[in-house]
Amino acid sequence: MSQIANSAAARDIAHYLHPYTNLKTHQTSGPLIITRGEGVRVFDDEGRGYIEGLAGLWCTTLGFSEPRLVRAATQALETLPFYHGFGHKSTPASIDLAEKLLHLAPVPMSKVLFANSGSESNDTAVKLIWYVNNARGRPEKKKIISRTKGYHGVTVATGSLTGIAPMQADFDLPIDRILHTDCPHHYRFSEPGESEESFASRCADNLEKLILEQGPETVAAFFAEPVMGAGGVLVPPATYFEKIQAVLKKYEVLFIADEIICGFGRTGNMFGCQTYGIKPDMISVAKGLSSGYLPISALMITEEIYQSMVSESEKIGIFGHGHTYGGHPVPAAVALETLRIYEERDMVGQVRRIAPHFQTRLAELSDHPLVGQVRGVGLLGAVELMRDKATRTGFDPADGVGTYCVNRSLAHGLIHRAMGDSLAFAPPFIISEQEIDQMVEMFKLALDDTLDWVIQRGLFKQP
């Protein structure tokens, strides 16, 4: 890792404000400066390599050295380095990409609206929910329900949807008309003896109670990730989405599927909606859309929603929304090439082939004294640390146990992420069984280091 004396590290501390970082700690710890990538590894400015166990930020599905994506970007830059979609303008790449996404969509969708990040696409969905209900003569039907521990972005609206406390604290979030319902994490929130199916029923019942308390005429939409990513890689309990969707249909509440992490193969299907039988009204995608090589996101909408938008834009005279770089021809070209690679190399099949080994190796960690639960699907996984496994009692967040563990992973050559004491893994799709083995062995060393540390601090007693 770069030392503070290193000029690049010093300049970073002096000038670069880091997202999702303890700003006070950063003043003394400084950055890990990544200078290049190859396959599933990245390398720092001292030449040390790390397995990237989270594919960057859940996104670099094809690894860090895919030459076809570099060529696609270069050719696009040489041909048309920028254009936009405002006022009836278009580009071949944005047309082709919209057509391709609609072809791949897990349920029939009608149109695609491009943006630059998952936050922006989800923020656009919020605006469209309000816009469409105005078009339909339902000006009171504007409240939107998300879930505790759900993650949908960091704009004012999507930061409000995000149900994770540090992402709202002192930002004056959530804003009005944003509500939250139960987190469907059976391991942490079920009652003694409650099956997954019964827990799912209770979650659905509580959602219905919330809608009725607010008034169905005021509740417009429900946001959900198929698997909750930043909330801790929370896999839905059996029958959960079936029961949730029945409630939404009963009260004419739109379902927005946030596929930003799950989309493009991560769960073993092209979309998480296919894995869990979700039939949404809108779908937001990003991250894997370009394998993270360039910023791009998209929101897909149904024909019914589109027709409501057409009537409202006709009344007003314009559809008054858009982003300068939405549908930018260079990221669009890279995204198209990414989707071609997924199909030509059967990357969904690759995930299905490698995922059993990944899940089996993670599951082996269940016997470790610190590990309360191992969970996952496809190439998504998490290991949750517990102070007392028998009572499912976690550590105090102030103890920073999860952060300590990922720092020890880093020392052993592995990068991944702590969400509290849930430690997440989402490696590139191109990872091999041997590299999975290396990743897990590195993590085992970090777990043992962490066990020693919590015992020394009196935070944990061996049973």
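Is Tyr 404 buried, partly exposed or exposed? Keep that in mind as you open the model, which is a predicted one. This tour is all about aromatic rings.

**Stop 1: Tyr 404 and Trp 453.** Select Tyr 404 to settle the opening question: with a relative accessibility of 24%, Tyr 404 is partly exposed. The cut-off for buried is under 20%, so Trp 453, at 18%, counts as buried.

**Stop 2: Tyr 240 and Phe 241.** Now jump to another spot. There are 12 aromatic pairs in this model. One of them is Tyr 240 with Phe 241, an edge-to-face pair with centres 4.9 Å apart and 75° between the planes. Tyr 240 is buried, with just 1% relative accessibility, and Phe 241 is buried too, at 3%.

**Back to stop 1, for the rings.** Show Tyr 404 and Trp 453 together again. Their planes are at 5° and their ring centres 4.0 Å apart, so this pair is stacked. Colour helix 15 (residues 401-411) to find the home of Tyr 404, and helix 16 (residues 433-456) for Trp 453; the pair therefore ties together parts that are 49 residues apart in sequence.

**Stop 3: a cluster.** Add Phe 222, Phe 255 and Tyr 276 to Tyr 240 and Phe 241, and you have one aromatic cluster on screen.

**Stop 4: charges over rings.** Which ring does the charged end of Lys 111 sit over? Select Tyr 306: the charged end of Lys 111 is 4.2 Å from the centre of that ring. Finish with Trp 130, where Arg 177 lies over the face of the ring, 4.2 Å from the ring centre.

Key. Residues are numbered from 1 along each chain as its sequence is written. This is a predicted model: local features need pLDDT of at least 70, side-chain atom pairs count only at pLDDT 80 or more; totals for chains, interfaces and linings use all residues. Side-chain values use heavy atoms; hydrogens and water are left out. Rings of Phe, Tyr and Trp (its six-membered ring) pair if their centres lie within 6.5 Å; planes under 30 degrees apart count as stacked, over 60 as edge-to-face and the rest as tilted. Buried means under 20% relative accessible area, exposed over 50%, partly exposed in between (1.4 Å probe, protein chains only). Helices (H or I, at least four residues) and strands (E, at least two) are DSSP runs, numbered from the N terminus. A charge sits over a ring if NZ of Lys or CZ of Arg is within 6 Å of the ring centre and within 35 degrees of the ring normal.
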